[in-house]
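Trainee: Could we go through this model together, one question at a time? I would like to learn how to reason from it.

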Amino acid sequence: MDPRQASPASSRLRSAAFAPIGDEGRAELVETRLLQAISSGAFIEGERLPSENELSQLFGVALVTVREALGTLRHRGLIDTKRGRGGGSFVRSSPGVVEEVNTRALTAMPRVALADLGVIYEVIVSACAEYACLRATEDELEVVQRVLVDARDLPPGPWRRRITDVQLELAALSQSVRLTSEHVRVQTEFTPLLALQDAQVEQRHLTHDSLLAQIEATREGDVMKVREVVRASVRSSVRWLGGLRTELQGDSASEQLRATLERYRGQSGTASFTGEAA
Amino acid sequence: MSAEQNAQCEQVIAHFDEFVDGIFAPLEAWLPRLQQQLSERLVQGPITGAQLTALVEAEAHAVLESTDRPLYGAGFCAAENVVDEGNPLSWWQGPERALLASSTFGPGQAAIDLHRLEWYRVPASTLERHIAGPFVDYLCSNEITLTASIPLMLDGKFSGVLCADVLVASLEDLLLPMLHNLDGAALVNSSGRVVVSTHHGYETGDRFASDVESVRSERYPFSLALPSPVAA
């Protein structure tokens with residue numbers, strides 16, 4: 001082959017190198033980060049966000065940029081701003097605001113993108129789990145298992161936060177910084193969708209049992225088993241979300257979304273008893 | 001291992017112990033002063049995370065400046081009897097010696113159970129100093145880290161830990177040259193996890209089987225493992 005002729009691979013790498021950097025505004029970036037923090041449950045309904053000054057320092061952006069981002073979030077109905085002493089920006093405390101945002105995100109997502117998010121999530125979690133099989137100690141697994149077991153009967157919000165902790169901790173047991181960071185990235189993206197299942201106790205228990213099985217397989221150092229457990233659990237969640245997404249097509253008003261969500265949860269609640277043990 | 005190898009291992013471990021002594025030294029110097037400050041302050045009851053941060057900032061910076069050890073971060077993490085509101089972790093780290101973001105705004109609903117963290121849990125239960133890791137420190141450095149911690153007691157009650165940490169990456173320059181003549185040797189923690197290694201089959205984070213020949217540190221939970229060529 002003529003060495004001067006570019007191979008398809010090097011051509012792909014070239015186009016990757018010169019992919020547009022984009023100029024998404026800093027305010028949009030701040031808005032996206034805050035939205036992620038709220039929709040993934042890192043900040044809960046009614047909780048105060050850091051002050052404008054703190055946000056400006058944390059993000060390393062100008063105060064005016066922070067204000068612009070907060071303005072958009074306020075306009076979207078996600079936060080309230082109170083003036084004066086004890087004031088600040090608070091995550092809207094009316095129930096279901098965050099869930100509605102997450103439901104809309106699911107509706108807006110092409111089915112292929114949802115499935116692909118499931119793929120990358122499954123692969124990252126499995127890769128972390130595989131390394132944890134080789135590297136985690138009995139004591140470390142014991143600590144995570146206790147956190148998980150203690151969380152079993154918590155209400156949905158606190159339960160999801162604890163589960164996110166457990167998932168992050170399991171990822172960190174890989175002893176790989178880069179895998180753990182990738183995990184945080186995909187977890188941040190996927191958690192808001194996964195949380196749509198949480199009103200159903202059966203779905204919570206499926207996730208819970210699957211995490212217990214993952215810990216057990218990790219303890220045994222059984223790489224095949226751990227991959228199998230992770231795959232079954234992620235695919236079951238993606239199927240559930242895919243079904244919900246289909247049901248939501250055509251809904252746009254808040255009440256419609258809410259009604260569909262509740263109807264779907266009612267139906268699949270009985271379905272998950274009959275099969276799909278993750 | 002041969003007597004000669006054993007002697008070399010002893011020497012490396014002695015160097016490592018001395019290095020770790022140097023991490024603990026500024027914390028030991030800080031301990032009585034912080035004890036004094038906190039017992040005076042707590043007469044009126046527990047304080048907030050923000051008050052703790054203001055109280056310990058200068059000393060935590062002093063720890064970072066006072067030693068030639070490559071410390072990445074330092075601070076104090078308070079038990080519930082000291083801080084009852086806001087973030088109990090006052091921590092500065094990195095080249096900028098920046099306050100940890102979560103120390104600024106508090107953990108809120110995402111408050112972590114400190115007992116999950118080895119560097120807190122072990123001193124809280126043994127009341128002895130400890131050095132935890134290597135582990136992925138996703139709360140602070142987001143690097144593979146060793147964290148040294150000393151328990152702080154107030155009226156006989158465990159009240160928090162003074163800590164300093166070093167990144168494993170910054171230990172390599174110190175340790176790898178010392179392991180140069182011990183091909184296949186690795187510094188491991190008490191569960192056999194590799195800190196640094198010259199062994200081809202083992203990298204930081206991997207674990208050795210417990211029956212590998214090793215020379216233990218007398219002061220810290222680490223040993224120098226030297227797998228026999230057969231095992232390798």
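Mentor: Let us begin with a definition: a residue is buried if 20 or more other C-beta atoms lie within 10 Å of its own, exposed if 12 or fewer, and partly exposed in between. Keep in mind that this is a predicted model.

Trainee: By that rule, is A:Gly242 buried, exposed or partly exposed?

Mentor: A:Gly242 sits in helix 11 (residues 223–248) of chain A. Its count is 15 other C-beta atoms within 10 Å. Being buried takes 20 or more, and being exposed takes 12 or fewer. The count of 15 therefore makes A:Gly242 partly exposed.

Trainee: Which residues does A:Gly242 contact, leaving aside its neighbours within four places in sequence?

Mentor: A short separation along the chain need not tell us who the partners are. For instance, A:Gly242 and A:Gln256 are 14 residues apart along the chain, with 18 Å between their C-alpha atoms. Leaving aside neighbours within four places, the contacts of A:Gly242 are A:Arg111 and A:Leu114.

Trainee: And A:Ile21, is that residue buried or exposed?

Mentor: A:Ile21 belongs to the loop between helix 1 (8–17) and helix 2 (26–39) of chain A. Measuring C-alpha to C-alpha, A:Ile21 is 20 Å from A:Thr65, which is 44 residues away in sequence. Because A:Ile21 has 6 C-beta neighbours inside 10 Å, it counts as exposed.

Trainee: Let us step back to the whole chain. Why does the radius of gyration of chain A agree with that of a compact globule?

Mentor: Chain A has 12 helices and 2 strands, and its C-alpha trace spans about 60 × 55 × 45 Å along the principal axes. Of its 278 residues, 33% count as buried. A compact globule with 278 residues would have a radius of gyration near 19 Å, so there is agreement with the value for chain A, 21 Å.

Trainee: How many residues does each domain of chain A give to the contact between them?

Mentor: The domain assignment splits chain A into domain 1 (26–93) and domain 2 (98–272). Their C-alpha centres are 26 Å apart. The contact takes 8 residues from domain 1 of chain A and 11 residues from domain 2 of chain A.

Trainee: At what angle do helix 6 and helix 9 of chain A pack?

Mentor: Two packed helices are described by the angle between their axes and the distance between the axes. For helix 6 (residues 111–135) and helix 9 (residues 177–194) of chain A, the axes are 10 Å apart, and the crossing is left-handed. The angle is about 145°.

Trainee: How many nonpolar residues take part in that contact of helix 6 with helix 9 of chain A?

Mentor: Among the residues from helix 6 of chain A are A:Leu117, A:Ile120 and A:Tyr131, while helix 9 of chain A brings residues including A:Val186 and A:Phe190. The contact of these helices also has 1 polar and 2 charged residues. The nonpolar residues number 11.

Trainee: Now for the backbone. Which residue has a phi near 65°, a positive value in a residue other than glycine?

Mentor: Most residues other than glycine have a negative phi, and most peptide bonds are trans. The residue you want is found in the loop between helix 8 (156–172) and helix 9 of chain A. It is buried, because 25 other C-beta atoms lie within 10 Å. Its name is A:Gln175.

Trainee: Where in chain B is B:Pro134 placed?

Mentor: The backbone is worth a look here too. The peptide bond from B:Gly133 to B:Pro134 is cis, with omega near 0°. As for its place, B:Pro134 lies in strand 6 (residues 130–136) of chain B.

Trainee: Finally, which element of chain B gives the largest share of the side that touches chain A?

Mentor: The contact joins 17 residues of chain B with 20 residues of chain A. By class, the chain B side has 6 nonpolar, 6 polar and 5 charged residues. The largest share of that side is 3 residues, and it comes from helix 3 (residues 101–105) of chain B.

Methods. Residues numbered from 1 in each chain as written. Chains lettered and ligands numbered in written order. Predicted model: local features only at pLDDT ≥ 70, side-chain atom pairs only at ≥ 80, totals over all residues. Contact = placed C-beta atoms within 7 Å. Helix = DSSP H or I, 4+ residues; strand = E, 2+ residues; numbered from the N terminus. Nonpolar A, V, L, I, M, F, W, Y, C, P; charged D, E, K, R; others polar. Domains from an automatic or database assignment. Rg over C-alpha atoms; globule rule 2.2 N^0.38 Å. Axes fitted to C-alpha atoms, helices over the stretch in contact; angles between N-to-C directions. Left-handed = near helix turned anticlockwise from the far one by under 90°.
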